[in-house]
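Please open the structure in your viewer and keep the sequence panel visible. The tour below proposes a series of selections and states what is found at each.

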Amino acid sequence: MNLTVYFKKFFESSQASGIILIFCVLVSLLIANSSFAESFQHFLDREAGTEIFHLKYPVSIWINDGLMAIFFLLVGLEIKREMVEGELSSFKNASLPIFAAIGGMLVPAIIYSFFNFGTSYGNGWGIPMATDIAFSLAIISMLGKRIPNSIKIFLAALAIVDDLGAILVIAIFYTEQIHWMYLFLSLGITALLFLLNFLKVIRIIFYLIPGLFLWYFLHHSGIHATIAGVLLAFTIPTNVSTVEISPLEKLEHQLHFPVSFLIMPVFALTNTNITFNNEMIGGLTSTLGLGIIIGLVAGKLIGINIFSLIAIKLKLSSLPQNSTWMHMIGVGLLAGIGFTMSIFIALLSFKDEIPIQDEAKFAILIASFIAAVSGFLILKISSKNDIIEDEEN
């Protein structure tokens, strides 16, 4: 096969972005535990930008708050399209990710608090609440068309609600100061964007420019700026027509490649540079490590599925189309990939306590690895069972 054709097929496959993401994780871990670790960290800490309008930040901030806002924009566009014309267009389907996310935040926090209540680790209860949306979606994308599209949309919606919840937790419990003027300006920009949608303005540029200001004001308000991407996405015009391509669908199509093959790999490369030390291993069996690992792996699985079951039994929600409870178990496990958001909360929970931060990071890495592998295997097994049942029928 011609090499050009091979690469073209690879990049067009649904598994490609996940494979590249995992490769970047491995490269990042290798760098962090090599002689290049210090140089790489210095690069991430180097400030870039301009002092004008206070836009000079470390490279890591530009990646985590800037580039990832574009990732959240893309996911938000996909969620909105599904709400208007797809899997989430009915209330029963759209409500399930919300109930699931609530359970997926509450139960892990309770489990962590059970292990650490009254200890010096107690402030870290928010650590296992988070789902790393980029990594969880990358893992499920590796299964391609073997998994119902409704399950992928459910996980994306669940992770969005989960991350919004985590951002609120950070803003309320872990942020030292909210700058209210910037927050009110953010609300004003959001209102303007919705007004443009109401007036049926369809040129995307008229949304992107205010969107940049929205990001700026949110970032300076003290709230995680990636929420700007979600808010902007929900104001982009779309339609229920399957013939006419809407502005939302155009923007979604334009963002897919750069997000999947540039932004997410860069994000993985710069956020998984964890340097291992002996103290980290001992921390796995401490109440801190147990609270994080059991909270993320078991807590997410139990919380998401119990709350989903309750919502379905009360007839408030319904299972995603063509899905089974085996799929839901797989999703519950993948949601336990806390990774970068959990690490971010750990850094806020234990400021200036480097040894505790390192123990928390390693526990998060182990928990995320367990959740990723087990979730992937459960979903892969469920897809094989579906194929067998279809053949028997």
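Begin by selecting leucine 143, which lies in the loop between helix H6 (133-141) and helix H7 (149-174). Please bear in mind throughout that the model is predicted. Is leucine 143 buried or exposed? Its relative accessibility is 1%, and because buried means under 20%, leucine 143 counts as buried. Now display its surroundings: leaving aside residues up to four places away in sequence, leucine 143 touches Phe376, Leu379 and Lys380. Add leucine 377 to the selection as well. Leucine 143 and leucine 377 are 234 residues apart along the chain, yet their C-alpha atoms are separated by 9.8 Å.

**The whole protein**

Next, zoom out and colour the model by secondary structure. The protein comes to 16 helices and 2 strands. Its radius of gyration is 21 Å, close to the 21 Å that the globule rule gives for 393 residues, so the protein is as compact as a globular protein of that length. Rotate the C-alpha trace: along its principal axes it spans about 60 × 60 × 55 Å. Of the 393 residues, 54% are buried. If one takes the contacts between residues at least 6 apart in sequence, 80% of them join residues at least 24 apart. Switch on the surface to see the outside of the protein, which exposes about 18800 Å². Carbon and sulfur atoms supply 70% of that exposed area.

**Arginine 81**

Select helix H4 (residues 59-85) and find arginine 81 within it. With a relative accessible area of 19%, arginine 81 is buried, because the cut-off for this class is under 20%. Which side chain makes a polar contact with the side chain of arginine 81? The partner is glutamate 82, at 3.1 Å. Then show the contacts of arginine 81 beyond four places in sequence: Gly86, Leu248, Glu249 and Glu252.

**A nonpolar patch on the surface**

Proceed to helix H9 (residues 205-221) and pick leucine 212. This residue is exposed, with a relative accessible area of 60%. Extend the selection to Ile205, Phe206, Leu208, Ile209 and Phe213, which together with Leu212 form a nonpolar patch on the surface. The patch has about 560 Å² of accessible area in total.

**Phenylalanine 184**

Move to helix H8 (residues 180-198), where phenylalanine 184 is found. It is exposed, with a relative accessible area of 54%. Draw a distance from its C-alpha atom to that of valine 84: the two residues are 100 residues apart along the chain, and the separation is 29 Å.

**Two loops with a positive phi**

The last two stops concern the backbone. Most residues other than glycine have a negative phi. Select phenylalanine 53, in the loop between strand E1 (47-50) and strand E2 (55-58). Although phenylalanine 53 is not a glycine, it has a positive phi of about 60°. Its relative accessibility is 59%, and phenylalanine 53 therefore counts as exposed.

Finally, select lysine 315, in the loop between helix H13 (287-313) and helix H14 (325-334). Lysine 315 likewise is not a glycine and has a positive phi of about 60°. With a relative accessible area of 64%, lysine 315 is exposed.

Methods:
Residues are numbered from 1 along each chain as its sequence is written. Side-chain values use heavy atoms; hydrogens and water are left out. Patches are made of residues with over 30% relative accessible area and no salt bridge: like charges are joined within 9 Å, nonpolar side chains (Val, Leu, Ile, Met, Phe, Trp, Tyr) within 5 Å. Accessible areas come from the Shrake-Rupley method with a 1.4 Å probe; for residues, only the protein chains shown count as cover. A salt bridge is a side-chain nitrogen of Lys or Arg within 4 Å of a carboxyl oxygen of Asp or Glu. Helices (H or I, at least four residues) and strands (E, at least two) are DSSP runs, numbered from the N terminus. Buried means under 20% relative accessible area, exposed over 50%, partly exposed in between (1.4 Å probe, protein chains only). The radius of gyration is taken over C-alpha atoms; the globule rule is 2.2 Å times the number of residues to the power 0.38. Contact means heavy atoms within 4.5 Å. A polar contact is a pair of N or O atoms within 3.5 Å; within protein, one must be able to donate a hydrogen and the other to accept it, and residues adjacent in sequence count only if both atoms are side-chain atoms.
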